[in-house]
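Here are some notes to go with the model, jotted down as numbered points. Have it open while you read.

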Amino acid sequence: MESSKKKIVIVCSGNTCRSPVFAAGLKHKLQLKKKDHLYVVQSAAVGMTGDGEKLQDGCPINEYLRAALPKIKEELLNAESEFSDSDIQSSVKEFINELERHKSRNLKDVELPVWKVVALNGSNHWLIQETLKVDKDHFESKEYYTNDSAWDTVQNIEKKVEDENRKRMTSDEIQEAQNAYYKQFVELMGKVRRFAETL
């Protein structure tokens, strides 16, 4: 039954890149290891940046992450050689589908109780713990914290475009943005593997 599963919530600032990738990746690992019947995995946003800027709910994944999904799919299909082809194909398909249909949501919309939280952002930890009602023994942060380097890359490119009075990115700049999100995916999946080993 769903109610008997332990709920794990992955949190980042906006819930459009890091936390949905980590959550989908964790589901992928649990499915391959035949442990998906034990856990419910969700993701959510703190709802504000480190500077206190409020973020909108109901947003899809970042457009450059979406553009990188074919490369991400190829990476996943080639990374799990110890599992059967049918299991890998099924799990990777669900991973991609989950990201394609993802809509961001706020912490306040997560149904309690929550068993464990993984915070990928470096701030607002008190708000996460208070909202999701978890103690420090069920709150993971330092080992799994990730800088939002892909977002920073895109911001720098967009600033350059603006400074040069251009209307759009060049094809090379778009590729650079997509590659930044792919690299962040690789980093996150390494952290997913380590976390899955603790379950």
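Which residue lies over the face of W115?

1. That would be K116, at 4.9 Å from the ring centre of W115. Bear in mind for this and every point below that the model is predicted. As for W115 itself, the residue counts as partly exposed because its relative accessibility is 25%, and buried would need a value under 20%.

2. W115 also has a ring partner. Six aromatic pairs turn up in the structure, and in one of them the rings of Y39 and W115 have their centres 5.9 Å apart, with the planes at 40°, so this pair is tilted. Now look at where the two residues sit: Y39 is in strand 2 (residues 39-45), while W115 is in the loop between helix 4 (85-101) and strand 3 (116-119), so the pair ties together parts 76 residues apart in sequence. Y39 comes out as buried, at 11% relative accessibility.

3. Next, have a look at Y182 and F185. Their ring centres are 5.9 Å apart and their planes make an angle of 35°, so this pair is tilted. Here the partners share an element: both belong to helix 7 (residues 171-196), three residues apart, which separates them by about one helical turn. The general rule is handy: an α-helix has 3.6 residues a turn, so residues three or four places apart point the same way. Y182 is buried at 14% relative accessibility, and F185 is buried at 2%.

4. Y182 has a lysine over its ring as well. K71 lies over the face of Y182, at 4.3 Å from the ring centre. So if you are going through the lysines, put K71 over Y182 and K116 over W115 on your list, because each has its NZ within 6 Å of the ring centre, as the cut-off asks.

5. Which residues of helix 3 are buried? In helix 3 (residues 69-79) they are L69, I72 and L76. They cover an arc of only 55° around the axis, which puts them on the same side of helix 3. Turn to the face pointing away from that buried side and you find the exposed residues P70 and N78.

6. What covers the buried residues of helix 3? The cover includes helix 1 (18-32) and helix 2 (63-67), along with helix 4 and helix 7.

7. One last item for the aromatics: F22, Y144 and F195 are linked into a cluster by ring pairs.

How values were computed: Residues numbered from 1 in each chain as written. Predicted model: local features only at pLDDT ≥ 70, side-chain atom pairs only at ≥ 80, totals over all residues. Heavy atoms only, no water. Phe/Tyr/Trp six-rings, centres within 6.5 Å; stacked < 30°, edge-to-face > 60°. Helix = DSSP H or I, 4+ residues; strand = E, 2+ residues; numbered from the N terminus. Buried < 20%, exposed > 50% of the residue type's maximum accessible area, 1.4 Å probe, protein only. Lys NZ or Arg CZ within 6 Å of the ring centre and 35° of its normal. Arc of directions from axis to C-beta. Contact = heavy atoms within 4.5 Å.
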